[in-house]
Amino acid sequence: MTAEAKKATQASPAWLTALPEMAVPVLAVLTALVIGAIVIWASGANVLVAYRGLLEGALGSMRGISETLVIVTPYVLSGLAVMLGFRCGLFNIGVEGQFYMGALFSVYVGFAVKGLPIYLHLPLAVLAGAVGGALWAAIPGFLKAKLGVHEVTNTIMLNYIAVKTVDYLVKNPLRDKASTIPRTPYIATSATLPQLLPPYRVHLGLFIALAAILVVYWFLWKTTLGFEIRSVGANPDAAKYAGMSPTRNFVLAMVLSGTLAGLAGTSEVLGTNRNLPAAFISGYGFDSIAIALLAKSHPFGILPAAFLWAALRNGAGLMQVRAGVSIDLINIVQALVIIFVAADEIIRRLYRIKRPREKISDVVFTRGWGH
Amino acid sequence: MTTALQMRSCSKAFPGVQACDSIDLDLEKGEIHALLGENGAGKTTLMNILYGLYHADEGSIFLDGEEVRISEPSDAISRGIGMVHQHFMLIPVFTVAENIILGMEVTKNSLLDRQTAAQRIREFSHQFGLDVDPDAYVKDLPVGVQQRVEIIKALYRGADILILDEPTAVLTPQEADDLFEILRSLASQGKSIIFITHKLKEVLAIADRITVLRDGRVVGTTTPEEATEAKLAEMMVGREVILTVEKRPAKPGDVVLRVTDLQVLDERMYTAVDGLSLEVRSGEILGVAGVQGNGQTELVEAITGLRPVASGQIEILGQDMTNGTPRRIIESGVSHVPEDRLRHGLVVSYPLVDNLVLSTYYRPPFARGIVIDNQAVEDNGKRLIAEYDVRAPSAYTLAGTLSGGNQQKLIVAREFSRPSKLVVAAQPTRGLDVGSIEFIHQRLVEQRDAGCGILLVSVELDEILSLADCIAVLYKGKIIATVPAGEATPEQLGLLMAGVREEGAH
């Protein structure tokens, strides 16, 4: 863009100019569903039956809605975790591992501590989960700050270590001897996140997740610490010039990201599972990257993105039953959404949405190696 | 003379701004035609229309009297129009010859025929006095020579009309003289040249004719014989401009910055600042003159805490600040106008108000505890934007959308609004238009008169001569001479900048 074009003034209010920008993710989702419909049609199934099944499975009954919200909870928390990293210019691929560590710490406090009232035991268990995620994320944070090792490599490796460590502990020292399948003992009732509408499974973790959205927004945009994290993410050189410490902020952002990821694991064991089984394959950590991308790295975008992902995951079963379409179709739709959001030029061409005159991205997804 | 190019009533609008408003331009064969105007006047847009990078909303282009449609750069190239951009489009790890033939390679038995290519380039450079070794790697060449490679590249593709966009912005005075020599030689052999610039001296030195643009319109066309610097500046800005900086004699006070035997390494771990010593006193501007790449960047970054000091000492206001953190240095009373405003000076994705508190956000009145007071941030922003005349639609406009001049005013506003005792200004007016330069120079002198010590590092000799009270010449990481500004002449400084010391001084 030339200097001449820069002279252009931005007359319309901010929300109006932001509107077509917000339309991009929405249109990405719709376009992905249309292509998904073509795939269903090509496989010989009935598109209407399939999508109706998907919708009813996700939202067609109280149970469906409750199950969707059960999945929304860890998705929101882990999506926030990835998003917070992005805001500091860090790509935390280690959410999966931090999720496991959070689950491990909280489940341990949940079953091993006994005789506490709920108003002490539950907060303690939640706190333990947050600490577990934070500690696990602090490792790559320090490695990056002190040695300049890129966080992507470290977080990936730490995922494997976390998964295998948890697997070993659950199968050996922490195993519930009374059970035939390898899992930890059930947590005490005093450490359980209460159900909101029994008998439905949706639990208090949902409110923790919703509160986390507000807290993360407030932290990033209304506090000096958030200002520093965003500055380091947007321009580490300028941040350093202005007296901020990029390395300190890398550690802080990783720890906070890990805290959120740990809380996601916590909500899963204290609210949904109530124990930690050995075959605890969450996949939340990786889906959370997609959710953060779809949310355009804004906390308020996390909720709709997490809801969509949860609804797709939850409704897929009924879709398969009704129309005989494999649940893998959902993976295709999700992949397409991410492609369209990441390569938004496709959507802009398709729907003639003009790129903003000055495309200034305030989020750098990841920086080069050795930076 | 015959007309090589005519542009007739060319218009181009961007949302909210008429970048070019019915512009007429005539270019004669063998002419050097300067296109003069401030940033945002429409020079680059007009040339991008001619080169096929933009489509004009209205207007027509005639080449040799024949109307042509240019919708892509390849159309322009095939019709003999070449452009040398401000930022070179060269591949550093390729040789000169490889860069020049890139996209139109000569082959022999379907293999790249480097020999023939090099031979052709050599003949070619000889014809126009463009002295370049075809086998040298571009990364090893000084900027001035890289520019020659760009010119040869355009000529190699058959350019008869050559557009140069701010070609001297990256050159030393000597390199600029060499470039002018080459341009004259090209013009005398029938090439027509459009020379985009906002520097008045250059225009008078090189142009055959001058067209001045302002706000997307042609203000007038004149020749160097008829024009003066003052008249051109007035045409450009639309009002009378004070070209010389008015300042009273300096009243030097205590030493605010003392650098002793400083050694600093560059990225490749070579010594960039090599045993340098200097002193800046309050109420005085010390100008550091020198050709780019003699350790200026490293010196400034070491003083401001952005780069480690290998050895030596930096003392600010009597306190040892060697290897101090940027925050400690800022808090001791140092303001820094950085050399690279986009890399260090601004967060381009932040609104103006946030950029204005980039180094003070954590202190009252902007923060209570860890909570930022947005009202205080906004009040501060609005006040500074008005006071420093930053032209922006709103206080929440993103900094990256401003013109270079306004971005620099924004940085100056932030840095000078802090109470400071030492100002480190690195290339404070690089790439700016006349109006902004005037503004920033005045502010620097104001800071001096308010009792600040100012370290002004600039490769623009004119800037040093008009602002500094004392001039230190930097050569290969050392100060090789310090002269009072009153006694310095451009010739003497030019020689010192090239490393030539006066006899007996060694």
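Colleague: In this predicted model, at what angle do helix H4 and helix H13 of chain A pack, and how far apart are their axes?

Modeller: Two packed helices are described by the angle between their axes together with the distance between those axes. Here helix H4 (residues 62-87) of chain A packs with helix H13 (residues 299-323) of chain A at an angle of about 135 degrees, and their axes are 7 Å apart. Angles over 145 degrees would count as roughly antiparallel and 65 to 115 as roughly perpendicular, so H4(A) is oblique to H13(A).

Colleague: Is the crossing of H4(A) and H13(A) left-handed or right-handed, and which residues make the contact?

Modeller: The crossing of these two helices is right-handed. On the side of H4(A) the contact includes A:Gly64, A:Ile71, A:Tyr75 and A:Met83, while H13(A) contributes residues among them A:Pro299, A:Phe307, A:Trp309 and A:Arg313. By character, the residues in the contact of H4(A) with H13(A) divide into 15 nonpolar, four polar and two charged.

Colleague: Turning to chain B, how many helices and strands are there, and what radius of gyration does the chain have?

Modeller: Chain B holds 17 helices and 24 strands. A compact globule with 506 residues would have a radius of gyration near 23 Å, and chain B, with 25 Å, agrees with that. Taken along the principal axes, the C-alpha atoms of chain B fill a box of roughly 70 × 55 × 50 Å.

Colleague: What percentage of the residues of chain B count as buried?

Modeller: Of its 506 residues, 48% count as buried. As for contacts in chain B between residues at least 6 apart in sequence, 68% join residues at least 24 apart.

Technical notes. Residues numbered from 1 in each chain as written. Chains lettered and ligands numbered in written order. Predicted model: local features only at pLDDT ≥ 70, side-chain atom pairs only at ≥ 80, totals over all residues. Axes fitted to C-alpha atoms, helices over the stretch in contact; angles between N-to-C directions. Helix = DSSP H or I, 4+ residues; strand = E, 2+ residues; numbered from the N terminus. Parallel < 35°, antiparallel > 145°, perpendicular 65-115°, else oblique. Left-handed = near helix turned anticlockwise from the far one by under 90°. Contact = placed C-beta atoms within 7 Å. Nonpolar A, V, L, I, M, F, W, Y, C, P; charged D, E, K, R; others polar. Rg over C-alpha atoms; globule rule 2.2 N^0.38 Å. Buried ≥ 20, exposed ≤ 12 C-beta atoms within 10 Å, placed from the backbone.
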